[in-house]
Each structure stands twice: as structure tokens, then as C-alpha cells.
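User: I am new to this structure and would like a close look at a single part of it. Please take one helix and the stretch that follows it, and go through them with care.

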Amino acid sequence: MLKFLSRVKIEFNALDPRTASCMEFLAQCNARKAKESNPACQVLVKRRTDDEPPKITVAFVNGVEEVFDATSTPAQTIRNMILQKGQFLETEQMFREAGEPWPVLIPDEELLQPAPGTKPRKAEEKKQ
């Protein structure tokens, strides 16, 4: 997960009962496997004393920052979003290194072609 990030900032009030997502996400960031995937990723923890809701800010390696409301977003959902965006970044980089344009534009006529190995649907099946 940290492989795609340059910085993680976790902010919460330790006395706030809404910190479960922050604590879980922090544990995931501190896991050995996560740290080994990107030792250069900074994991910052800011303990607050105010009533601000807990939040998690992540900075991707391409500079894009995203802020998550940790009161309403589970840690696993945040992790999955990071992994999904990371895979997108890897794909983009792969295309750029190959000298291909990004984003890939697929002509409409190609999108409408039947996939190889599939049967076209009959007219009565399309109506249902």
C-alpha cells in the first residue's frame, strides 16, 4: 500500500471515540511488509486536542493529495482506494515508458465489437 505513497498524515484526538479507523490505518502503515514496500514514505501522526474529526491525508508519488474523513470511512476502504489508484498509476507509467499516449482512447466502433469467443445475443434475449 505504501508503495504508491510519498506521505501519510494521520490526525486525531486520542480521547475521541471516532479514532478506530485512524488507529487501524496506522497499524497497517506500520506493518513490516508495508514499510518494506516503500521505506521512503513518511508516516506522520498528529495528535490533536481539539474536537476536529479524525482524518487521514495521503500524498501519492505523483503529487496528488487526498484527504479521507476517518469518522465515516473504514481503514480497509481507504486501503483499497489507495491500491486501486496505485494500480492506475502503474498502468499510466507503463504506457508512458512504452511511448504510448495516455489516457488510452478506444474508438466507439471497437467498443461495440463482440469479444472473441463469445456468441452474439439473440434478439429475444436482448429484449429481456
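Analyst: What follows is a walk along helix α3 and into the loop after it.

This is a predicted model, and the helix in question, α3, covers residues 75-97. At 1.5 Å a residue, the 23 residues of α3 should span 33 Å, and the distance between its end C-alpha atoms, 33 Å, agrees with that.

Along α3, the buried residues are A75, I78, I82, G86, L89 and E92. The cover over these buried residues comes from several elements, including the strands β1 (5-13), β3 (55-60) and β4 (65-69), together with the helix α1 (20-29).

Just past the end of α3, the chain reaches G99, which takes a positive phi of about 80°. The loop between α3 and α4 (108-111) also holds V104, and P107 is found in that loop too. V104 counts as partly exposed because its relative accessibility is 43%, a value that falls between the 20% limit for buried and the 50% limit for exposed. P107 is likewise partly exposed, with a relative accessible area of 32%.

V104 also has a part in a feature of the surface, since V104, I106, L111 and L112 make a nonpolar patch of about 420 Å². As for where P107 lies relative to another part of the chain, P107 and F25 are 82 residues apart in sequence, and their C-alpha atoms are 41 Å apart in space.

Technical notes
Residues numbered from 1 in each chain as written. Predicted model: local features only at pLDDT ≥ 70, side-chain atom pairs only at ≥ 80, totals over all residues. Heavy atoms only, no water. Patch = residues over 30% accessible without salt bridge, like charges linked within 9 Å, V, L, I, M, F, W, Y side chains within 5 Å. Areas by Shrake-Rupley, 256 points an atom, 1.4 Å probe, with all protein chains shown as cover. Salt bridge = Lys/Arg side-chain N within 4 Å of Asp/Glu carboxyl O. Helix = DSSP H or I, 4+ residues; strand = E, 2+ residues; numbered from the N terminus. Buried < 20%, exposed > 50% of the residue type's maximum accessible area, 1.4 Å probe, protein only. Expected span 1.5 Å × (residues − 1). Contact = heavy atoms within 4.5 Å.
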